[in-house]
Amino acid sequence: MVATAVEELAPLTEEQVMEHLAAGKLVEGLQHMSPKYLEGIRRILTVSADTEFVSAPAYLRAAQHAPALNNFGSAMSIIQDELAHAHIGYRLLGDLGVDMDWLIYERPALQFKYPYAFDVPLNSWVELVCANAMYDQAGFVLLGDVYQSSTFGPWKRALAKVDKEETFHLRHGRTWLKKLVKDPDGEQEVQAAVDWMFILTLEWFGLPDDLKVHTEQLDYGFKGKSNDELRQTWMGEVVPFMDEIGIDVPAHFDAERDEYVMDCPFPARFDEERREWLLDEGPVSWNEVTTRWRARGPMNDDYVRTLQRGYQTTGLRKPA
Ligand SMILES: [Fe+2]
Ligand SMILES: [Fe+2]
């Protein structure tokens, strides 16, 4: 069983949900949901939990290159946080009628819903701390918005803890980057990592507002800001920081337009084996990008297999 049908679980009509929200009340459980609300909150929670979950094997791969044991310890504590964040999301999905065993341990790798960026391997300590500075910053921007605006009470309250831990992750990234760029070799390595990771993180925020499909995310207050606004917020944090440490990024603040603008084609074609943007080929359609996302990238199968291995091999699996 994947999940109980939303119609059986969520008893309210759209109008009743809207009324409840208009009265300034939070949604506390299935009793306050309509089928559409339930479907939408399941979708956004799944993306969030999957993102936290897959960051664990992605960071673990890179953490093995930690320069010293205490650095490895810091990485482990970040990974432990991410698993706890994933647990919050999956646990809430369980309360919302989703079969957690299937969702976490039996679901095929291709059906996981985390951003494509995590499908591209992190191969060094430098890449791990760059991910802390950019990917964890993206997580912080997205979850900070949910924390402020979400109408789903149980998630909103849980995010108070998540928010604090994400602050530690991105501070870990920034502290390391500041240290690394003082040395010419370190600076070069950081620049090489930022060159492919910056644009991948911009994609993380999803389709531009004029192409977005799931409008209920804003209508229902699952989050407060649109994809493009969140992308701007992220650039507002990352671009000045990279400028400050002397790392080039393909974006700048345009005072006249009062927003950050990209200095390279976006969205663009990505060579996932070489981890390189084919910017000379010019911008591509979002259609091409979503096709790449749907096919998933090089590490998808490996990471999901790592996460599911214990369950699959220790007899925990339920008889079919
Ligand atoms: Fe997290
Ligand atoms: Fe994090």
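Donors here are N, O and S atoms within 2.8 Å of the metal. With that in hand, let's work through some exercises on this predicted model.

**Exercise 1.** Find the protein donors of the iron ion (ligand 1) and write their spacing along the chain.

*Solution.* Start with the distances: Glu 52 (OE), Glu 82 (OE), His 85 (ND1) and Glu 166 (OE) lie 1.9 to 2.3 Å from the iron ion (ligand 1). Next, put these donors in chain order, and the spacing reads E-x29-E-x2-H-x80-E. Glu 52 belongs to helix 3 (residues 35-63) and Glu 82 to helix 4 (residues 69-95), so this pair ties together parts that are 30 residues apart in sequence.

**Exercise 2.** Classify the geometry of the iron ion (ligand 1) site.

*Solution.* Take the angles among the four donor atoms: they run from 86 to 146°. A tetrahedral site needs all angles between 85 and 135 degrees, while a square planar one needs opposite donors over 155 degrees apart. The site is therefore irregular.

**Exercise 3.** Which residue bridges the two iron ions, ligand 1 and ligand 2, and is Glu 82 buried or exposed?

*Solution.* The bridge is Glu 82, and the two ions lie 3.4 Å apart. For the second part, the cut-off for buried is under 20% relative accessible area. Glu 82, at 2%, is buried; Glu 52, at 8%, also counts as buried.

**Exercise 4.** Check the length of helix 6 (residues 125-149), then describe its bend and its surroundings.

*Solution.* At 1.5 Å a residue, the 25 residues should span 36 Å, and the end C-alpha atoms are 35 Å apart, which agrees. Helix 6 nevertheless bends by about 35° at Ala 131. Finally, 20 of its 25 residues are buried, so helix 6 is largely enclosed by the rest of the structure.

Terms used. Residues are numbered from 1 along each chain as its sequence is written. Chains are lettered from A and ligands numbered from 1 in the order in which they are written. This is a predicted model: local features need pLDDT of at least 70, side-chain atom pairs count only at pLDDT 80 or more; totals for chains, interfaces and linings use all residues. Side-chain values use heavy atoms; hydrogens and water are left out. Donors are N, O and S atoms within 2.8 Å of the metal (3.2 Å for Na, K and Ca); water is not among the atoms, so sites may look incomplete. Four donors count as tetrahedral if all angles lie between 85 and 135 degrees; four count as square planar and six as octahedral if opposite donors are over 155 degrees apart and all others between 65 and 115; anything else is irregular. Helices (H or I, at least four residues) and strands (E, at least two) are DSSP runs, numbered from the N terminus. Buried means under 20% relative accessible area, exposed over 50%, partly exposed in between (1.4 Å probe, protein chains only). The expected span of a helix is 1.5 Å times one less than its number of residues. The bend at a residue is the angle between axes fitted to the seven residues ending there and the seven starting there.
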